[in-house]
Amino acid sequence: MSAQTLTCRAAIAWGPGQPLSIETVEVDPPKAGEVRIRIVATGVCHTDAFTLSGEDPEGIFPAILGHEGGGIVESVGEGVTSVAVGDHVIPLYTPECGECKFCQSGKTNLCQKIRATQGKGLMPDGTSRFRCNGETIYHYMGCSTFSEYTVLPEIALAKVNPKAPLEEICLLGCGVTTGMGAVVNTAKVEPGASVAVFGLGGIGLSAIIGAVMAGASRILAIDINDSKFELARQLGATDCINPKEHDGPIQDLIVDMTDGGVDYSFECIGNVDVMRSALECCHKGWGESVIIGVAGAGQEISTRPFQLVTGRVWRGTAFGGVKGRSELPDYVERYLAGEFKLNDFITHTMALDEINHAFDLMHEGKSIRSVIHY
Ligand code: NAD
Ligand code: AHE
Ligand code: ZN
Ligand code: ZN
């Protein structure tokens, strides 16, 4: 029997700056090439807060936010072959079609097959699968994991080992993969290198895990919130620095501490001034700085071009450069093999009704990741 429209609970962002509101929504069945999944758990990432704040130029309301989820396939649309009912999946805000120019290039994970409609909060056919009291509700980053059920294109699902707890591996849907991938895939940090990580939330701490995996000899962890340092040290940070405790530009201190600057730096905050510091703390001739943080509409980065003329490299990364369908299942296997832990990051778990508390904890600097259990 073909799937029918179902009703479930979801947290709706009705407008920028407003708390999320728990509502009953209608979720249409998956169309051709689409899959409806039951979300088991979802993390709350700073990017959800960024979009909710109104700073995101692509922010559309009303929408169902959330993009760091884990779920189980409930029904599949016509022609879907790569997943079946009951499969465990991680939604991908960076899909992998394997066919577009970007996928074919082998140079990037930024599949563009459905990017245009995804950025408009719509499915690839230009419509939404969500309604609330007759009103269209938009999708978010192609995922909308703050709903008990959501619909995604087949190309935006990574099928993963069902032995892995979705309540933990949901973090591989964004934060942990992004931080680790930035270090290992994007920067390709080599053994013995020195690394500076700016911002010690879920992304920055995962970058530290990546730096340890890569064999970095020195890992400088920088945050304005001292409470982040304990976990950073446990994960492998060798030096913890609070810029508030130092006069002068933080890049000058780091250059002094590291005999001319670090080999690699990672900006995991979304602050354009810190992005400049992260570039300028890199070693002359070869230091590379990777921007991970997302900055608001109208913000721009700047530095003296001489910084680049003299060999520093400025680059960025989305989802850690990871190709979700072909590479994410292996991250899950490595997690199952004990190569890295995820529950260190889960400082809070809660029900969907308490989701606004997760945003409060993030803004107060009290959480690394809150995970919503449905
Ligand atoms: P978070 O809020 O959990 O962590 C941010 C950390 O930065 C906090 O510990 C905070 O104290 C610290 N911080 C704030 N201002 C600072 C400053 N001036 N100097 C030093 N530290 C400072 O956020 P998160 O979920 O880890 O996300 C981090 C950033 O990464 C966000 O901008 C998010 O949107 C972005 N992000 C990007 C990608 C990507 O694919 N590029 C993926 C996920 C998240
Ligand atoms: N919509 C924003 C940019 C937001 C952004 O940069 N998103 C990252 C993922 S953040 C996950 O927590 C990303 O993948 N970007 C690549 C893409 O194609 O969106 C804006 O500035 O318009
Ligand atoms: Zn995210
Ligand atoms: Zn593609």
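## Surroundings of ligand 2

In this predicted model, ligand 2 is surrounded by 13 residues. The nearest of these are Thr47, Pro57, Glu58, Val294 and Ala318. Sorted by class, the shell around ligand 2 consists of eight nonpolar, three charged and two polar residues.

## Surroundings of ligand 1

Ligand 1 has 33 residues around it, of which His46, Gly199, Gly201, Ile203 and Gly270 come nearest. Three elements each give two or more residues to this shell: helix H1 (46–53), helix H5 (175–187) and helix H6 (202–214). The composition by class is 17 nonpolar, 14 polar and two charged residues.

Two domains take part in the shell around ligand 1. Domain 1 (6–173 + 342–373) and domain 2 (178–318) each supply at least three residues to the shell.

## Packing of H5 and H6

Helices H5 and H6, both of which contribute to the shell around ligand 1, also have a defined geometry relative to each other. Their axes come within 7 Å and cross at roughly 40°. How are H5 and H6 oriented to each other? The two helices are oblique, because an angle of roughly 40° lies outside the ranges that count as roughly parallel (under 35 degrees), roughly perpendicular (65 to 115) or roughly antiparallel (over 145). The crossing in which H5 passes H6 is right-handed.

## The antiparallel sheet

An open sheet is formed by four strands in the order E1-E2-E6-E7, with antiparallel pairing. Its edges are strand E1 (6–12) and strand E7 (135–137), each of which pairs on one side only. From one strand to the next, the twist averages 45°.

At the E1 edge, seven bridges connect E1 to strand E2 (residues 21–27), and these two strands run antiparallel. Within this pairing, Cys8 has Val25 of E2 as its bridge partner.

## The parallel sheet

A further open sheet contains six strands, ordered E12-E11-E10-E13-E14-E15, and its pairing is parallel. Strand E12 (239–241) and strand E15 (313–316) are the edge strands, each with pairing on one side only. Neighbouring strands in this sheet are turned against each other by 15° on average, direction ignored.

Which strand is joined to E15 by four bridges? The partner is strand E14 (residues 288–291), and E14 and E15 run parallel. Ser289 has Trp314 in E15 as its bridge partner.

## Backbone features in loops

Two loops carry local backbone features. In the loop between H1 and strand E4 (68–76) lies Pro62. The peptide bond that leads from Phe61 to Pro62 is cis, and its omega is near -5°. H1, which precedes this loop, is also among the elements that give two or more residues to the shell around ligand 1.

The other feature concerns Asp259, which is placed in the loop between helix H8 (250–257) and strand E13 (264–267). Although Asp259 is not a glycine, its phi is positive, at about 55°. E13, which bounds this loop, belongs to the six-stranded parallel sheet, where it stands between E10 and E14 in the strand order.

Methods
Residues are numbered from 1 along each chain as its sequence is written. Chains are lettered from A and ligands numbered from 1 in the order in which they are written. This is a predicted model: local features need pLDDT of at least 70, side-chain atom pairs count only at pLDDT 80 or more; totals for chains, interfaces and linings use all residues. A residue is near a molecule or strand if its C-beta atom, placed from the backbone, lies within 6 Å of it. Ala, Val, Leu, Ile, Met, Phe, Trp, Tyr, Cys and Pro count as nonpolar, Asp, Glu, Lys and Arg as charged, and the others, Gly among them, as polar. Two strands pair if DSSP finds at least two bridges between them. Axes are lines fitted to C-alpha atoms, for helices over the stretch in contact, and angles run from 0 to 180 degrees between N-to-C directions. Domain bounds come from an automatic or database domain assignment. A crossing is left-handed if the near helix is turned anticlockwise from the far one by less than a right angle, and right-handed if clockwise.
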